[in-house]
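Me: I have a structure to go through with you. Please keep the answers short and show the reasoning.

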Amino acid sequence: MSQFPQLRMRRKRVSAWSRALVRETKLSVDDLVLTTVITDTKASEGPVPSLPGVSRLGLDGLIEQAREAAGLGIPAVALFPHIDPARKDAAATEALNPDGFVPAAIRRLKADVPDIGVIVDVALDPFTDHGHDGLMQGDVIDNDTTLDMLAQGAVILADAGADIVAPSDMMDGRIGVIRDALDQADHPDVMILSYAAKYASAFYGPYRDAIGTASALRGDKRTYQMDPANSEEALHEVAMDLDEGADMVMVKPGLPYLDICHRIKTEFGVPTFAFQVSGEYAMIQSAGQNGWADSERLLLETLNGFKRAGCDAVLTYGAIRAARLLKG
């Protein structure tokens with residue numbers, strides 16, 4: 001192999017056009033999923049203090065944002081609800097309301113912005129008064145009784161028009177139960193995006209503020225979300241979820257787990273998503289607001305990192321901002 005001075009690696013970096021020609025990773029708008037927080041309470045609409053640049057939106061605001069996203073070419077939007085505390089209880093009753101806020105939001109989106117895909121979480125934590133993703137028996141999350149609730153909830157979301165249901169609860173066996181329920185309810189084409197490797201992370205704090213579960217959460221979620229120290233376990237989780245019928249899998253959070261993204265894509269070769277979660281996005285935004293770094297460059301650099309690790313798509317609160325930057 002040639003050595004310096006015959007070989008000069010800098011030659012290819014001299015011009016913008018030459019850098020573009022030899023670029024190994026191509027980030028595009030097609031790689032983005034817009035994550036958005038919606039609220040059923042007028043008084044709760046507006047900025048989330050711990051998540052700079054992100055606001056809770058009512059249905060009109062959701063439609064406006066989704067139209068902008070679709071106009072930029074963003075393929076899909078992922079919905080995360082902030083529910084009036086008066087509608088929460090220990091049994092997550094509102095999660096099974098076919099006329100509830102989330103099904104109404106899906107129907108409105110599909111009617112007003114039909115060209116954008118709709119991804120909706122299947123989890124109970126937005127609807128429980130204890131803030132957990134499953135039903136509780138005393139202080140214990142009851143895995144098996146939670147499964148039936150998740151399956152019923154997934155069917156309700158599919159009935160409303162969701163294109164992809166995304167179980168984020170980390171209960172064992174939920175993918176198979178949800179797949180069976182969707183097929184029996186005549187939704188064979190509704191896809192399942194499994195939060196297959198979801199870690200018990202400190203990066204979720206601003207999101208829990210955004211959906212109103214931070215103050216309600218009793219204890220923590222380490223009995224069902226993954227230990228941040230584990231890697232092999234993530235591969236086992238992915239293998240199980242694929243066997244049960246998951247169409248694509250996700251790693252959450254994103255940046256601290258790029259090694260997990262890479263291992264999953266290399267091992268299984270399936271559509272692999274990452275979630276640039278609230279704590280990650282808040283750091284980017286805060287650095288920009290305080291003059292510590294260029295937040296636009298940080299956003300694109302981190303998104304390129306996901307792509308370089310093997311991710312097919314990234315869920316991010318910065319999807320619209322990134323799409324504008326990518327379009328020049």
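Me: How many salt bridges does a search of the whole structure find?
Reply: This is a predicted model, where local features need pLDDT of at least 70, side-chain atom pairs count only at pLDDT 80 or more, and totals for chains, interfaces and linings use all residues. Residues are numbered from 1 along each chain as its sequence is written, and side-chain values use heavy atoms, with hydrogens and water left out. A salt bridge here is a side-chain nitrogen of Lys or Arg within 4 Å of a carboxyl oxygen of Asp or Glu. Searching the whole structure on that basis gives a total of 17.

Me: Which helix holds both D183 and R179?
Reply: These two form a salt bridge, with the closest N and O atoms 3.0 Å apart. They sit 4 residues apart, about one turn of the helix. Helices are DSSP runs of H or I, at least four residues, and strands are runs of E, at least two, numbered from the N terminus. Both partners lie in residues 174-184, helix α5.

Me: Is R179 buried or exposed?
Reply: Buried means under 20% relative accessible area, exposed over 50%, and partly exposed in between, using a 1.4 Å probe and protein chains only. D183 has 38%, so D183 is partly exposed. R179 has 10%, so R179 counts as buried.

Me: What is the N to O distance in the salt bridge of D220 and R222?
Reply: D220 is partly exposed because its relative accessible area is 36%. R222 reaches 62%, so R222 is exposed. Their side chains meet in a salt bridge, N to O, at 2.8 Å.

Me: How many residues apart are D312 and K265?
Reply: D312 forms a salt bridge with K265, the closest N and O atoms being 2.9 Å apart. The pair links distant parts of the chain: D312 is in the loop between α10 (295-309) and β12 (313-316), and K265 is in helix α8. Along the chain, their separation is 47 residues.

Me: Why does K265 count as partly exposed?
Reply: Its partner D312 is partly exposed too, at 30% relative accessibility. For K265, the class follows from a relative accessible area of 23%.

Me: What separates the C-alpha atoms of H262 and T272?
Reply: H262 lies in helix α8, residues 258-268. H262 is partly exposed because its relative accessible area is 44%. T272 is 10 residues from H262 along the chain, and their C-alpha atoms are separated by 9.1 Å.

Me: Which residues are linked with D125 in a network of salt bridges?
Reply: This network includes another Asp, D133. Two Lys residues join in as well. The residues linked with D125 are D133, K198 and K221.
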